[in-house]
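Thanks for coming. I have one structure to go through today, so let me put it up.

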Amino acid sequence: NRATSLTIKASGTPIRIAGSRTGSTLAIAIEKHVLFYDLDAVLPRFVPIPEARFSAGPRFLDDHHVVYVRDSAWTLLDLATGATTTLPPLGAPRGITSPTDGSYFVVEDVEGTLTRVGLDGSSSSLGAGFAIAAGSRVLIAKDRTLRTSDPTPRLLATAAGPLARTTTRANDRYLAYAIGAELTRLELRTGVTEHARLGRAPASLVLTPSGIVYASTETEVWRWDGAAPVRHATTPRRITALGFERDHPIAMLDTLSWFDLARGELIFPVQTTRASWAEQADLAVIGDGKSILLFDLDVLPIQGLRVK
(Lines give C-alpha, C1' and ligand atoms only; values in the text may rest on other atoms or scores of the structure.)
Protein backbone atom coordinates (compact mmCIF):
# COMPACT_ATOMS: atom_id res chain seq x y z
CA ASN A 1 0.00 0.00 0.00
CA ARG A 2 1.20 3.51 -0.79
CA ALA A 3 0.20 6.93 0.48
CA THR A 4 0.39 9.83 -1.95
CA SER A 5 0.00 13.48 -0.97
CA LEU A 6 -0.80 16.10 -3.60
CA THR A 7 -0.63 19.90 -3.47
CA ILE A 8 -2.45 21.87 -6.20
CA LYS A 9 -2.56 25.57 -6.98
CA ALA A 10 -5.77 27.57 -6.97
CA SER A 11 -6.13 31.24 -7.93
CA GLY A 12 -8.20 32.21 -4.91
CA THR A 13 -9.43 30.92 -1.55
CA PRO A 14 -11.41 27.64 -1.75
CA ILE A 15 -14.98 28.03 -0.46
CA ARG A 16 -15.98 24.40 -0.67
CA ILE A 17 -14.36 21.13 -1.74
CA ALA A 18 -16.26 18.02 -2.82
CA GLY A 19 -15.22 14.65 -4.24
CA SER A 20 -17.09 12.23 -6.48
CA ARG A 21 -18.37 8.91 -5.14
CA THR A 22 -15.77 7.07 -7.22
CA GLY A 23 -13.04 9.21 -5.68
CA SER A 24 -11.48 10.09 -9.05
CA THR A 25 -12.89 13.63 -9.47
CA LEU A 26 -12.40 16.60 -7.15
CA ALA A 27 -14.44 19.83 -7.35
CA ILE A 28 -13.25 23.06 -5.70
CA ALA A 29 -15.50 26.13 -5.50
CA ILE A 30 -13.52 29.40 -5.65
CA GLU A 31 -15.51 32.64 -5.66
CA LYS A 32 -17.38 32.60 -9.03
CA HIS A 33 -15.69 29.49 -10.41
CA VAL A 34 -15.71 25.75 -9.87
CA LEU A 35 -12.49 23.89 -10.67
CA PHE A 36 -12.58 20.17 -11.53
CA TYR A 37 -9.57 17.87 -11.21
CA ASP A 38 -9.27 14.34 -12.58
CA LEU A 39 -7.22 12.66 -9.88
CA ASP A 40 -6.64 9.56 -12.02
CA ALA A 41 -4.74 11.77 -14.47
CA VAL A 42 -2.85 13.73 -11.81
CA LEU A 43 -1.76 10.99 -9.41
CA PRO A 44 1.00 8.53 -10.35
CA ARG A 45 0.09 5.14 -11.77
CA PHE A 46 2.00 2.25 -10.18
CA VAL A 47 3.20 -0.64 -12.33
CA PRO A 48 4.25 -3.48 -9.95
CA ILE A 49 7.23 -5.67 -10.75
CA PRO A 50 8.69 -8.70 -8.91
CA GLU A 51 10.62 -8.03 -5.73
CA ALA A 52 14.09 -6.82 -6.81
CA ARG A 53 16.19 -3.71 -7.23
CA PHE A 54 16.82 -1.88 -10.49
CA SER A 55 20.30 -2.32 -11.93
CA ALA A 56 19.57 0.27 -14.64
CA GLY A 57 16.65 2.25 -16.00
CA PRO A 58 13.78 2.66 -16.30
CA ARG A 59 14.41 4.24 -19.73
CA PHE A 60 11.79 5.35 -22.27
CA LEU A 61 12.32 3.89 -25.74
CA ASP A 62 9.29 5.78 -27.07
CA ASP A 63 6.09 7.09 -25.47
CA HIS A 64 4.76 3.59 -24.83
CA HIS A 65 7.75 1.37 -24.04
CA VAL A 66 10.24 1.35 -21.17
CA VAL A 67 13.30 -0.86 -20.82
CA TYR A 68 14.91 -1.60 -17.46
CA VAL A 69 17.47 -3.97 -15.96
CA ARG A 70 16.54 -5.77 -12.76
CA ASP A 71 19.11 -8.07 -11.14
CA SER A 72 20.90 -8.40 -14.52
CA ALA A 73 17.63 -9.36 -16.29
CA TRP A 74 16.68 -7.08 -19.20
CA THR A 75 12.94 -6.38 -19.52
CA LEU A 76 10.83 -4.42 -22.02
CA LEU A 77 7.60 -2.98 -20.56
CA ASP A 78 4.57 -1.93 -22.64
CA LEU A 79 3.00 0.97 -20.69
CA ALA A 80 -0.34 0.66 -22.48
CA THR A 81 -0.95 -3.02 -21.74
CA GLY A 82 1.44 -3.70 -18.86
CA ALA A 83 2.90 -6.63 -20.80
CA THR A 84 6.60 -7.38 -20.31
CA THR A 85 9.11 -9.02 -22.65
CA THR A 86 12.34 -10.57 -21.41
CA LEU A 87 15.35 -9.53 -23.51
CA PRO A 88 18.63 -11.44 -23.87
CA PRO A 89 21.35 -10.66 -21.28
CA LEU A 90 23.32 -7.57 -22.27
CA GLY A 91 25.53 -7.13 -19.23
CA ALA A 92 25.72 -4.17 -16.87
CA PRO A 93 24.81 -1.00 -18.80
CA ARG A 94 26.23 2.47 -18.37
CA GLY A 95 23.59 3.98 -20.65
CA ILE A 96 20.57 3.17 -22.86
CA THR A 97 19.72 5.38 -25.87
CA SER A 98 16.91 5.04 -28.43
CA PRO A 99 15.36 6.92 -31.39
CA THR A 100 11.92 8.49 -31.03
CA ASP A 101 10.13 5.62 -32.76
CA GLY A 102 11.54 3.14 -30.24
CA SER A 103 12.38 0.64 -33.00
CA TYR A 104 15.75 -0.19 -31.41
CA PHE A 105 18.06 0.99 -28.66
CA VAL A 106 21.81 1.29 -28.11
CA VAL A 107 23.38 -0.05 -24.91
CA GLU A 108 26.70 1.24 -23.60
CA ASP A 109 28.31 -1.15 -21.12
CA VAL A 110 30.70 -0.27 -18.31
CA GLU A 111 33.67 -0.90 -20.62
CA GLY A 112 32.42 1.73 -23.10
CA THR A 113 31.39 -0.79 -25.76
CA LEU A 114 28.19 -0.07 -27.68
CA THR A 115 25.60 -2.61 -28.84
CA ARG A 116 22.57 -1.96 -31.03
CA VAL A 117 19.54 -4.00 -29.87
CA GLY A 118 16.25 -4.60 -31.68
CA LEU A 119 12.95 -5.09 -29.86
CA ASP A 120 13.03 -8.70 -31.03
CA GLY A 121 16.28 -9.24 -29.11
CA SER A 122 18.64 -9.12 -32.10
CA SER A 123 21.91 -7.27 -31.51
CA SER A 124 25.05 -6.02 -33.29
CA SER A 125 28.26 -4.44 -31.99
CA LEU A 126 28.97 -0.74 -32.71
CA GLY A 127 32.43 -0.59 -31.15
CA ALA A 128 33.58 1.92 -28.54
CA GLY A 129 32.25 5.43 -27.85
CA PHE A 130 29.02 6.88 -26.46
CA ALA A 131 25.52 7.20 -27.92
CA ILE A 132 23.60 10.42 -28.61
CA ALA A 133 19.81 10.51 -29.10
CA ALA A 134 19.12 12.40 -32.35
CA GLY A 135 15.38 12.33 -33.00
CA SER A 136 14.59 9.45 -35.34
CA ARG A 137 18.07 7.92 -35.01
CA VAL A 138 20.94 7.34 -32.58
CA LEU A 139 24.39 8.78 -33.28
CA ILE A 140 27.73 7.44 -32.04
CA ALA A 141 30.49 9.74 -30.77
CA LYS A 142 34.06 8.52 -30.48
CA ASP A 143 36.95 10.85 -29.70
CA ARG A 144 36.44 13.73 -32.19
CA THR A 145 34.07 12.00 -34.63
CA LEU A 146 30.30 11.61 -34.79
CA ARG A 147 28.70 8.94 -36.99
CA THR A 148 25.39 7.14 -37.47
CA SER A 149 24.57 3.86 -35.74
CA ASP A 150 23.43 2.15 -38.95
CA PRO A 151 24.89 -1.24 -39.91
CA THR A 152 26.99 0.77 -42.39
CA PRO A 153 27.90 3.89 -40.35
CA ARG A 154 28.23 7.31 -41.99
CA LEU A 155 30.56 10.05 -40.70
CA LEU A 156 28.66 13.27 -39.90
CA ALA A 157 31.22 15.56 -38.24
CA THR A 158 34.75 15.86 -36.93
CA ALA A 159 35.26 18.21 -33.95
CA ALA A 160 38.32 20.25 -33.00
CA GLY A 161 38.69 18.29 -29.76
CA PRO A 162 37.33 15.23 -27.95
CA LEU A 163 33.53 15.18 -27.67
CA ALA A 164 31.89 14.84 -24.23
CA ARG A 165 28.55 13.13 -23.59
CA THR A 166 27.10 16.00 -21.49
CA THR A 167 27.94 18.67 -24.09
CA THR A 168 27.08 16.85 -27.33
CA ARG A 169 23.48 16.99 -28.54
CA ALA A 170 21.66 16.29 -31.81
CA ASN A 171 18.22 15.98 -33.39
CA ASP A 172 16.98 15.28 -36.90
CA ARG A 173 18.11 18.70 -38.16
CA TYR A 174 21.01 19.90 -36.01
CA LEU A 175 24.13 18.82 -34.19
CA ALA A 176 25.53 20.92 -31.33
CA TYR A 177 28.56 20.40 -29.11
CA ALA A 178 31.03 22.26 -26.92
CA ILE A 179 34.82 21.97 -27.02
CA GLY A 180 36.01 23.92 -24.01
CA ALA A 181 34.11 27.23 -23.96
CA GLU A 182 33.41 27.18 -27.71
CA LEU A 183 29.96 26.15 -28.96
CA THR A 184 29.44 24.65 -32.42
CA ARG A 185 26.15 24.12 -34.24
CA LEU A 186 25.91 22.16 -37.50
CA GLU A 187 22.82 21.99 -39.71
CA LEU A 188 22.93 18.39 -40.91
CA ARG A 189 21.06 18.90 -44.20
CA THR A 190 23.04 21.88 -45.51
CA GLY A 191 26.32 21.43 -43.65
CA VAL A 192 26.26 25.07 -42.45
CA THR A 193 28.39 25.38 -39.30
CA GLU A 194 28.25 28.22 -36.72
CA HIS A 195 30.40 28.97 -33.69
CA ALA A 196 30.03 30.99 -30.47
CA ARG A 197 32.07 31.36 -27.31
CA LEU A 198 31.01 31.49 -23.65
CA GLY A 199 32.96 32.95 -20.75
CA ARG A 200 33.61 29.44 -19.39
CA ALA A 201 33.18 25.84 -20.51
CA PRO A 202 29.57 24.65 -20.10
CA ALA A 203 28.76 21.56 -18.05
CA SER A 204 25.76 20.47 -20.12
CA LEU A 205 23.81 21.38 -23.28
CA VAL A 206 20.28 20.96 -24.56
CA LEU A 207 19.19 21.41 -28.19
CA THR A 208 15.66 22.37 -29.27
CA PRO A 209 14.04 21.07 -32.49
CA SER A 210 14.49 24.52 -34.05
CA GLY A 211 18.21 24.51 -33.30
CA ILE A 212 18.37 26.75 -30.22
CA VAL A 213 21.16 25.71 -27.87
CA TYR A 214 20.93 26.07 -24.08
CA ALA A 215 24.16 25.68 -22.10
CA SER A 216 24.58 25.52 -18.32
CA THR A 217 27.49 26.91 -16.31
CA GLU A 218 27.10 26.33 -12.55
CA THR A 219 23.85 28.22 -11.75
CA GLU A 220 23.40 29.99 -15.10
CA VAL A 221 21.77 28.89 -18.35
CA TRP A 222 22.81 30.54 -21.63
CA ARG A 223 20.68 30.65 -24.79
CA TRP A 224 22.26 30.62 -28.26
CA ASP A 225 20.17 30.90 -31.43
CA GLY A 226 23.01 31.70 -33.83
CA ALA A 227 23.62 35.25 -32.63
CA ALA A 228 25.65 36.11 -29.51
CA PRO A 229 24.76 33.87 -26.52
CA VAL A 230 22.58 35.56 -23.87
CA ARG A 231 21.96 34.66 -20.23
CA HIS A 232 18.57 32.92 -20.14
CA ALA A 233 18.06 32.07 -16.45
CA THR A 234 19.71 31.74 -13.05
CA THR A 235 18.84 28.84 -10.73
CA PRO A 236 18.92 28.76 -6.89
CA ARG A 237 21.40 25.86 -6.82
CA ARG A 238 24.06 24.30 -9.03
CA ILE A 239 22.78 22.70 -12.24
CA THR A 240 23.81 19.07 -12.73
CA ALA A 241 21.97 18.40 -16.01
CA LEU A 242 19.61 19.97 -18.54
CA GLY A 243 16.52 18.33 -20.04
CA PHE A 244 13.81 19.57 -22.39
CA GLU A 245 10.06 19.78 -21.82
CA ARG A 246 7.70 21.35 -24.37
CA ASP A 247 9.31 24.59 -25.63
CA HIS A 248 11.80 25.31 -22.87
CA PRO A 249 14.56 23.54 -20.94
CA ILE A 250 14.27 21.91 -17.55
CA ALA A 251 17.27 21.96 -15.18
CA MET A 252 18.03 19.16 -12.73
CA LEU A 253 19.64 20.70 -9.66
CA ASP A 254 22.06 19.14 -7.20
CA THR A 255 19.11 18.64 -4.84
CA LEU A 256 17.69 16.15 -7.41
CA SER A 257 14.85 18.59 -8.11
CA TRP A 258 13.59 19.66 -11.54
CA PHE A 259 13.51 23.42 -12.13
CA ASP A 260 11.36 25.04 -14.83
CA LEU A 261 13.63 27.69 -16.36
CA ALA A 262 10.74 29.50 -18.08
CA ARG A 263 8.50 29.82 -15.01
CA GLY A 264 11.37 30.07 -12.53
CA GLU A 265 10.01 27.50 -10.09
CA LEU A 266 10.51 23.95 -8.91
CA ILE A 267 7.96 21.86 -10.75
CA PHE A 268 8.91 18.33 -9.85
CA PRO A 269 10.82 17.87 -6.57
CA VAL A 270 11.48 14.15 -6.26
CA GLN A 271 14.26 12.55 -4.23
CA THR A 272 15.41 9.79 -6.58
CA THR A 273 18.33 8.96 -8.82
CA ARG A 274 16.22 6.84 -11.18
CA ALA A 275 14.37 9.51 -13.15
CA SER A 276 13.72 9.87 -16.86
CA TRP A 277 11.29 11.66 -19.15
CA ALA A 278 9.84 10.80 -22.54
CA GLU A 279 11.33 12.56 -25.57
CA GLN A 280 8.02 13.29 -27.33
CA ALA A 281 5.47 13.47 -24.51
CA ASP A 282 5.22 15.29 -21.19
CA LEU A 283 5.71 12.12 -19.17
CA ALA A 284 8.13 11.29 -16.40
CA VAL A 285 9.01 7.81 -15.21
CA ILE A 286 10.59 7.03 -11.85
CA GLY A 287 11.81 3.73 -10.44
CA ASP A 288 11.83 3.27 -6.68
CA GLY A 289 13.10 -0.32 -6.67
CA LYS A 290 9.81 -2.20 -6.49
CA SER A 291 7.61 -0.37 -8.99
CA ILE A 292 7.56 2.20 -11.77
CA LEU A 293 5.73 5.51 -11.24
CA LEU A 294 4.33 7.40 -14.22
CA PHE A 295 3.59 11.13 -14.08
CA ASP A 296 1.96 13.34 -16.72
CA LEU A 297 3.82 16.69 -16.61
CA ASP A 298 1.16 18.27 -18.83
CA VAL A 299 -1.54 17.93 -16.14
CA LEU A 300 -1.56 21.28 -14.39
CA PRO A 301 -1.67 22.87 -11.93
CA ILE A 302 0.67 20.74 -9.81
CA GLN A 303 2.86 22.36 -7.19
CA GLY A 304 4.25 19.41 -5.28
CA LEU A 305 3.92 15.66 -5.15
CA ARG A 306 5.34 13.29 -2.55
CA VAL A 307 5.12 9.50 -2.66
CA LYS A 308 5.65 7.47 0.50
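I will start with the overall figures, then take the sheets, the cores and a few single residues.

A word on the source: this is a predicted model, with local features needing pLDDT of at least 70 and side-chain atom pairs counting only at pLDDT 80 or more, while totals for chains, interfaces and linings use all residues. Residues are numbered from 1 along each chain as its sequence is written, and side-chain values use heavy atoms, with hydrogens and water left out.

Overall figures. The protein has one helix and 33 strands; both are DSSP runs numbered from the N terminus, helices being H or I with at least four residues and strands being E with at least two. Of the 308 residues, 45% are buried. Buried here means under 20% relative accessible area, exposed means over 50%, and partly exposed is in between, with a 1.4 Å probe and protein chains only. The exposed area comes to about 15,500 Å², and carbon and sulfur atoms supply 50% of it; the areas come from the Shrake-Rupley method with a 1.4 Å probe, and for residues only the protein chains shown count as cover. Contact means heavy atoms within 4.5 Å. Among contacts between residues at least 6 apart in sequence, 36% join residues at least 24 apart.

Now the sheets. Two strands count as paired if DSSP finds at least two bridges between them. One open sheet has four strands in the order 14-15-16-17, paired antiparallel. Its edges are strand 14 and strand 17, each pairing on one side only. Neighbouring strands in this sheet are turned by 25° against each other on average, direction ignored; the axes are lines fitted to C-alpha atoms, for helices over the stretch in contact, and angles run from 0 to 180 degrees between N-to-C directions. Five bridges hold the antiparallel pair of strand 14 and strand 15, and Ala131 has Ile140 in strand 15 as its bridge partner.

Another open sheet of four strands runs 18-19-20-21, also with antiparallel pairing. Here the edge strands are strand 18, residues 168-170, and strand 21, residues 193-197, and each pairs on one side only. The average turn between neighbouring strands of this sheet is 15°, direction ignored. Strand 20 and strand 21 run antiparallel and are joined by five bridges, with Leu186 facing Thr193 of strand 21 as bridge partner.

Staying in strand 20, which covers residues 182-187, we find Glu187. Is Glu187 buried or exposed? Its relative accessibility is 19%, so Glu187 counts as buried. Leaving aside neighbours within four places in sequence, Glu187 is in contact with Arg173, Tyr174 and Val192. Glu187 and Gly211 are 24 residues apart in sequence, with 8.3 Å from C-alpha to C-alpha.

Next, the cores. A nonpolar core is a set of buried Ala, Val, Leu, Ile, Met, Phe, Trp, Tyr and Cys residues joined through side-chain atoms within 4.5 Å. The largest has 14 residues, and those with the most contacts inside it are Leu139, Leu146, Leu163, Ala170 and Leu175. Strand 14, strand 15, strand 17 and strand 19 each give two or more residues to this core. Strand 14 gives the most, with three. A second, separate core has twelve residues, including Tyr174, Leu183, Leu198 and Val213. Tyr174 has already come up, as a contact of Glu187.

Then the turns. Strand 3, residues 25-30, and strand 4, residues 33-38, run antiparallel and are joined by six bridges. Thr25 has Asp38 in strand 4 as its bridge partner. The two strands form a hairpin with two residues between them, and Glu31 in the turn has a positive phi of about 50°.

Two other residues deserve a look for their phi values. Asp143 sits in the loop between strand 15 and strand 16, with phi near 55°. Asp143 has a relative accessible area of 58% and is therefore exposed. Glu218 lies in the loop between strand 23 and strand 24, and its phi is near 55°. At 38% relative accessible area, Glu218 is partly exposed.

Last, Asp78, which is in strand 8, residues 73-78. A polar atom of the Asp78 side chain lies 3.3 Å from the backbone nitrogen of Thr81. Beyond neighbours within four places in sequence, Asp78 is in contact with His64, His65 and Ala83.

Terms used:
Polar contact = N/O pair within 3.5 Å; in protein donor to acceptor, adjacent residues only side chain to side chain.
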